[in-house]
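Let's take a friendly walk through this fold together, starting at the ligand and then moving out to the sheets around it.

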Amino acid sequence: MKFNPLTETDINALQSMVDTDRFSTGQSVLNLHAKDQSSHPRSRPEAVIWPLSAAEISNIVKYANAQRIPITGWGSGSSLEGNPIPVRHGIVLDFSRMNRILEIREEDFQADVEPGVVYQDLNDKLKHRGLFFPPDPGARATIGGMIANNASGTRTVYYGSTKDYVLRLTAVMANGDIVEMGTRSAKTSSGYDLIHLMVGSEGTLGIVARATVRLTGLPPEFSAAVVTFPSVEVAGKAVFEIKRSGLNPAALELLGPEAVALMNREENLDLSVAPTLFIEFHGITTGQLSEVLEMAEEICRGQGCLEFRSGLGRAERNRIFKARHGLGETITRSHPDCRILSTDVAVPNTRYPELIETIHREVDAHQIIGYTLSHAGDGNVHLVVAGKKGDRQEWDKIDRVVDTVVSRALALGGTATGEHGVGIGKRKYMATEHGASLQWMQRLKSLFDPNGILNPGKIFPE
Ligand SMILES: Cc1cc2nc3c(=O)[nH]c(=O)nc-3n(C[C@H](O)[C@H](O)[C@H](O)COP(=O)(O)OP(=O)(O)OC[C@H]3O[C@@H](n4cnc5c(N)ncnc54)[C@H](O)[C@@H]3O)c2cc1C
């Protein structure tokens, strides 16, 4: 696709569509929108606009479409695959000022939100009503960005991912049309499911201007356990057995020993340095949960765990899960001279131990610094790698390791990305993963966005 650079005429036209303080071509603003949290190279937009309504988005998109100017949505910029980097420049639409919670309909378990609402802020509002929005990517992500990436997190094994929580959307299409899609009914089998086409499309099919999200009740009680294993492979088998038992854990997070040692050092914890499973259960009564924990312990001991620590109080559970959530940032902080790459793959549960084995073998063989953090209950593994900035040789090794890991995940029947999205980094695996269905994705893209202005350079291989 050929795009046009922003001219003086374009700048004047776009500026007239919003208040003066909501349009910028300032260098520092462009720099701030040139890079997400990934290690992909920065690329600056030519202008940043902060819209306030679907009508404003529509005017801007309509103009950009006519002039063949790229448009890229921006939530918090916390993506890990370069998803919001404006690789073809053009306009970034920053949704941080569309951050109103419009309505909470408690008894329908629904909230209407603008795309720039940060999910933790929504949950802060909801907790007083005994409700919450479960997908939890950890970073301060916006609901628009979560919808675009189909984000998930530690609780996905029980509650599902963002796609399970979007009921209705107001979307601005590439030609500027404002389209309402979905329903406020809890279920529907009416027509094509446009909602789930938009979710996970990384802003390449339309711009989310408003969403109705599903909420759920806050669990009255929880219990947590920390379990250590002699090897990640044994831990993987325990994960499988816990899932098979029907105990329904709310989180099953597995960390490699190197990640546990780092958490101990940086967060003042005293966990045993071994492959460690963090398990959480949500339930109605403490009695029910203690029975569940007993059964989980029986399963883990049966699989040969080294230690099963339960009876954690709320404060200790929060400390451990906070450290787990903050691990990505902890890794970055503890390697100040390194660039950090976080790759994300997922496989069927039964193939999870094989994937982990491949990762460890590759990391050891290439002598790179790598941490494995897994949403093990979903067969979803993140390999977080630290490589010296500017060290070409080391980064060649890292690229080879990542390539082997992703290819292995695909060969095991998995996916190149469990939750971070395709962005820039996973485009080269799309043909292998999707085969002929990639062409149907391309046809859909052409139908929705014939001029290719919406977040170009993402999802599809060059
Ligand atoms: C420390 C750390 C931990 C993380 N852990 C997880 C995790 O556990 N699980 C997980 O899933 N992710 C995780 N992430 C990745 C990231 O937080 C998620 O992908 C999140 O959904 C991105 O949201 P955002 O608001 O930052 O969106 P951005 O990064 O700004 O944008 C994401 C995508 O959405 C598009 N977009 C933004 N707003 C709109 C809109 N209104 N309409 C259309 N398109 C739009 C952008 O163009 C881009 O393609 C983590 C990131 C970090 C830094």
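How far does a backbone N or O atom of Ser76 lie from an oxygen atom of the ligand? The distance is 3.0 Å. Please keep in mind as you read that this is a predicted model.

## Polar contacts to the ligand

Ser76 has company. Thr142 uses its side chain, placing a polar atom 2.7 Å from an oxygen atom of the ligand. Ser152 works through its backbone: a polar atom there is 2.7 Å from a nitrogen atom of the ligand. On its own the ligand would expose 980 Å², and the protein buries 95% of that area.

## The shell around the ligand

In total, 35 residues surround the ligand, and the closest are Gly73, Ser78, Ser79, Pro137 and Thr142. Sorted by class, the shell contains 19 polar, 13 nonpolar and 3 charged residues.

Which element gives the largest share of this shell? That is helix H5, with 5 residues. H5 spans 143-149, and at least two shell residues come from each of H5, E3 and strand E10, the last of these covering 207-214.

## The four-stranded sheet

Strand E3, which we just met at the ligand, also belongs to an open sheet of 4 strands. Their order is E1-E2-E4-E3, with mixed pairing. E1 (23-24) and E3 (71-74) are the edge strands; each has a single partner strand, so one side of each is left without a neighbour in the sheet.

If you would like to trace the E1 edge, look for strand E2 at residues 47-49, which runs antiparallel to E1 and is joined to it by 2 bridges. Phe23 has Ile49 of E2 as its bridge partner.

## The five-stranded sheet

Strand E10 likewise has a second role, as part of an open sheet of 5 strands in the order E5-E6-E10-E8-E9. Here the pairing is antiparallel. Strand E5 (101-105) and E9 sit at the edges, each pairing on one side only. From one strand to the next, the twist averages 15 degrees.

How many bridges link E8 and E10? There are 6, in the antiparallel sense, and along E10 you will find Ile207 opposite Val172. E8 (residues 166-172) is also joined to E9 (residues 178-182) by 5 bridges, again with the strands antiparallel. Within E9, Glu180 is the bridge partner of Thr170. The hairpin of E8 and E9 has 5 residues between its strands, and Gly176 in this hairpin adopts a positive phi near 95 degrees.

## Helices across the sheets

Helix H3 (residues 54-67) is a good one to highlight in your viewer. On the four-stranded sheet, H3 lies across E2, E3 and strand E4 (91-94), at about 165 degrees to E4. H3 also lies across E8, E9 and E10, where the angle to E8 is about 45 degrees. That gives H3 a place against strands of both sheets.

Which helix lies across E5, strand E6 and E10? It is H4 (residues 119-126), running at about 45 degrees to E5. E6 itself covers 110-113.

How values were computed:
Residues numbered from 1 in each chain as written. Predicted model: local features only at pLDDT ≥ 70, side-chain atom pairs only at ≥ 80, totals over all residues. Heavy atoms only, no water. Pairing = 2+ DSSP bridges. Contact = heavy atoms within 4.5 Å. Axes fitted to C-alpha atoms, helices over the stretch in contact; angles between N-to-C directions. Near = heavy atom within 4 Å. Polar contact = N/O pair within 3.5 Å; in protein donor to acceptor, adjacent residues only side chain to side chain. Areas by Shrake-Rupley, 256 points an atom, 1.4 Å probe, with all protein chains shown as cover. Nonpolar A, V, L, I, M, F, W, Y, C, P; charged D, E, K, R; others polar.
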